[in-house]
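Visitor: I keep meeting labels such as "buried", "stacked" and "salt bridge". Could you show me what each one rests on?

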Amino acid sequence: MSTVRGRLPVVTDAGLAVFVSGVASMGLEILSGRIIAPQYGSSIYTWGTIIGVFLAALSLGYHRGGQRAAEHASTDRMAWALMATAGYVAAIIFAGDLMLAAVAGLPLPARFASLPAVTLLFGPPTYLLGYISPYAAELAEADGVGRASGHVYAVGTVGSILGAFGTTFLLIPTLSVEYIGLVFGGLLVGTAVYLSYPPLSGLTARSLAVAVLLVLAATSGSFGFAVEGRVLYETQTPYQELEVTQINDTRTLYLDDQQHSAMDVDRPTRHVFEYTRYFHLPYLLTDDPDDIDRVLFIGGGGFTGPKRFVEEYDATVDVVEIDPEVIDVAKRYFAVDESHERLNIYQGDGRRYLRETNRSYDLIVLDAYKKDKVPFQLTTVEFFELAESRLSADGMLYANVISAESGPASKFYRAEYRTMSEVYPQVYTFPTVGGSIVQNIQLVATRNGTRVSEATLRAREVRRDIGIDLSFEVRKLREEPPPTDDVPVLRDDRAPVDSLLDPMVGQRYVVQETTRNGTSTGAPAIEPPVRAPRAAVARVSGV
């Protein structure tokens with residue numbers, strides 16, 4: 001240790017402590033979004049809560065540390081604060097799911113639902129890190145309060161920058177939440193040991209104990225059990241938490257712990273979720289189904305629609321998926337054959353793809369929304385105008401919207417309907433369940449201004465062989481438009497998507513399942529209200 005210190009003469013103990021506390025505080029703040037989002041979503045309210053709690057905890061730590069700095073500031077006390085923070089990080093890794101479950105049922109408005117969880121999980125360690133800066137300022141060798149404070153602020157900010165960029169661009173795309181926690185905990189423990197050299201017996205023993213706890217927590221995982229079946233694969237991607245599970249012959253893709261796609265292993269192109277059957281409705285809404293020669297899916301997931309389309313229809317299908325890991329998982333676990341001559345897969349943002357492509361499409365399927373995470377840039381008038389410019393003369397835009405048909409949770413659906421109606425002469429609504437339940441609502445917008453009635457759709461369904469019985473789905477057509485006076489038209493400069501999604505927070509999202517012959521079971525598959533911890537389930541590398 002003395003050799004290391006000799007090689008780092010410019011790095012003071014105070015400066016190192018401040019730098020590491022900056023790395024850890026900002027890194028934990030970025031990581032907290034991944035831990036909190038599966039339970040509470042990643043809306044602007046969740047992120048506002050995270051930022052607010054971290055700032056409040058740091059401020060309290062600065063205040064209390066400043067009060068104690070004159071009499072108690074020492075290198076050893078900074079080491080103790082860093083080690084105590086590492087101990088709490090170990091607790092988050094091991095018992096974070098239980099801590100989330102403990103506060104999940106508190107009766108708070110939806111916008112503030114995540115506040116207790118963020119406070120419980122990240123308030124204490126951030127508060128402890130707040131002690132470091134005033135202690136370091138007291139111990140700084142620079143002459144004068146101003147120089148000492150400026151030096152501390154600068155070093156801490158550099159550490160925060162490194163923590164933000166390193167966590168965002170390196171750790172989250174590479175490691176699981178548990179191992180990212182191990183990285184930060186190990187950094188804190190290592191720094192504490194370095195600062196306490198020559199080591200105090202008590203601090204050394206406790207540092208060793210905390211290090212062991214961190215390793216055990218990261219390798220054994222969270223305390224709990226899983227209910228979704230055996231886990232075939234799980235990872236943190238740059239965009240979301242991804243998990244593939246299987247129960248019997250049904251394989252399910254979870255994105256941020258929400259059911260996104262499912263596949264029958266024995267029949268990979270069978271529609272497991274009822275809402276995916278509605279993807280075929282455009283073949284009834286068009287005057288001639290043979291005119292649908294090229295289809296674009298924005299959002300891939302498990303590729304349920306694209307797989308069925310290339311099997312059923314003589315159409316070229318392009319798929320744009322922003323998350324490269326989702327594409328890889330679709331190939332490995334969801335029977336997606338990229339070598340198919342009529343299937344083209346592109347990794348990237350859907351809106352950017354539309355802006356840069358010169359292709360014309362007969363059908364664009366927008367399947368990139370989640371219950372609590374909707375990319376606002378894919379909801380606005382400007383986006384729908386861009387999509388319309390890439391459609392053929394009688395082309396259609398299909399949007400899978402997660403919302404309710406009526407009641408407070410219907411605001412997002414009704415705003416989307418109003419926004420699409422600004423661009424397209426006809427917009428059709430097909431709710432999968434109906435009523436005030438959060439569900440998949442299918443919106444189909446057409447460039448053709450002639451309205452197609454339910455009776456016409458029923459007649460076409462009988463007459464046309466489109467490879468799937470849609471008689472049940474056709475009956476879900478709503479002839480009357482929804483009320484839209486109380487919802488805005490979404491535009492790039494004002495798209496309050498988070499506030500429109502807010503009434504859905506805490507409500508269960510109902511997904512109808514189908515039977516093997518393709519008819520609806522009538523029984524909903526409901527997303528679990530509280531995410532089961534990941535680590536106590538079996539890990540299987542493949543099937």
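What follows is a short conversation about the labels used for this structure.

Guide: First, a word on the source: this is a predicted model, where local features need pLDDT of at least 70, side-chain atom pairs count only at pLDDT 80 or more, and totals for chains, interfaces and linings use all residues. Residues are numbered from 1 along each chain as its sequence is written, and side-chain values use heavy atoms, with hydrogens and water left out.

Visitor: Fine. Why is the pair Phe165 and Phe169 called stacked?

Guide: Rings of Phe, Tyr and Trp (its six-membered ring) pair if their centres lie within 6.5 Å; planes under 30 degrees apart count as stacked, over 60 as edge-to-face and the rest as tilted. By this rule the structure has 16 aromatic pairs. The centres of Phe165 and Phe169 are 5.8 Å apart and their planes stand at 15°, so this pair is stacked.

Visitor: And where do Phe165 and Phe169 sit relative to each other in helix α7?

Guide: They are 4 residues apart in that helix, which covers residues 145-174, so about one helical turn separates them. Helices (H or I, at least four residues) and strands (E, at least two) are DSSP runs, numbered from the N terminus.

Visitor: What makes Phe297 and Phe309 edge-to-face?

Guide: Their planes make an angle of 80°, with 5.4 Å from centre to centre. Phe297 belongs to strand β5 and Phe309 to helix α11 (residues 304-312), so the pair ties together parts 12 residues apart in sequence. Both also belong to one aromatic cluster, whose other members include Phe273, Tyr283 and Tyr398.

Visitor: Are those rings buried or exposed?

Guide: Buried means under 20% relative accessible area, exposed over 50%, partly exposed in between (1.4 Å probe, protein chains only). Phe297 has 1% relative accessibility, so the label is buried. Phe309 also comes out at 1%, so it counts as buried too. Phe169, with 60%, is exposed.

Visitor: How do you know that Leu171 is buried?

Guide: Its relative accessible area is 12%, so the label buried applies. Leu171 is in helix α7, and its C-alpha is 10.0 Å from that of Thr237, a residue 66 positions away in sequence.

Visitor: On to charges. What makes Glu473 and Arg277 a salt bridge?

Guide: The term needs a side-chain nitrogen of Lys or Arg within 4 Å of a carboxyl oxygen of Asp or Glu. For Glu473 and Arg277, the closest N and O atoms are 2.8 Å apart. Glu473 is in helix α17 (residues 471-474) and Arg277 in the loop between β4 (258-264) and α10, 196 residues apart, so this pair links distant parts of the chain. Both residues are buried. A search of the whole structure gives 16 salt bridges.

Visitor: How does the bridge between Arg332 and Asp328 fit the rule?

Guide: Its closest N and O atoms are 3.1 Å apart. The two residues are 4 apart in helix α12, so about one helical turn lies between them. Arg332, at 42%, is partly exposed, and Asp328, at 31%, is partly exposed as well.

Visitor: What does the salt bridge of Glu388 and Arg447 tie together?

Guide: Glu388 is in helix α14 (residues 381-389) and Arg447 in the loop between β11 (439-446) and α16 (454-463), so the pair ties together parts 59 residues apart in sequence. The N to O distance is 2.9 Å. Salt bridges that share partners also join Glu274, Arg277 and Glu473 into one network.

Visitor: Which residues make the nonpolar surface patch?

Guide: Leu106, Leu108, Phe112 and Leu115 make it, with an area of about 350 Å². Patch residues have over 30% relative accessible area and no salt bridge; like charges are joined within 9 Å, nonpolar side chains (Val, Leu, Ile, Met, Phe, Trp, Tyr) within 5 Å. Leu106 has a relative accessible area of 43%, so it is partly exposed. This residue is in the loop between α4 (75-104) and α5 (115-130).

Visitor: Last one: what is notable about phi of Phe303?

Guide: It is near 60°, a positive value in a residue other than glycine. Most residues other than glycine have a negative phi. Phe303 is in the loop between β5 and α11, and at 0% relative accessible area it is buried.

Definitions and conventions
Accessible areas come from the Shrake-Rupley method with a 1.4 Å probe; for residues, only the protein chains shown count as cover.
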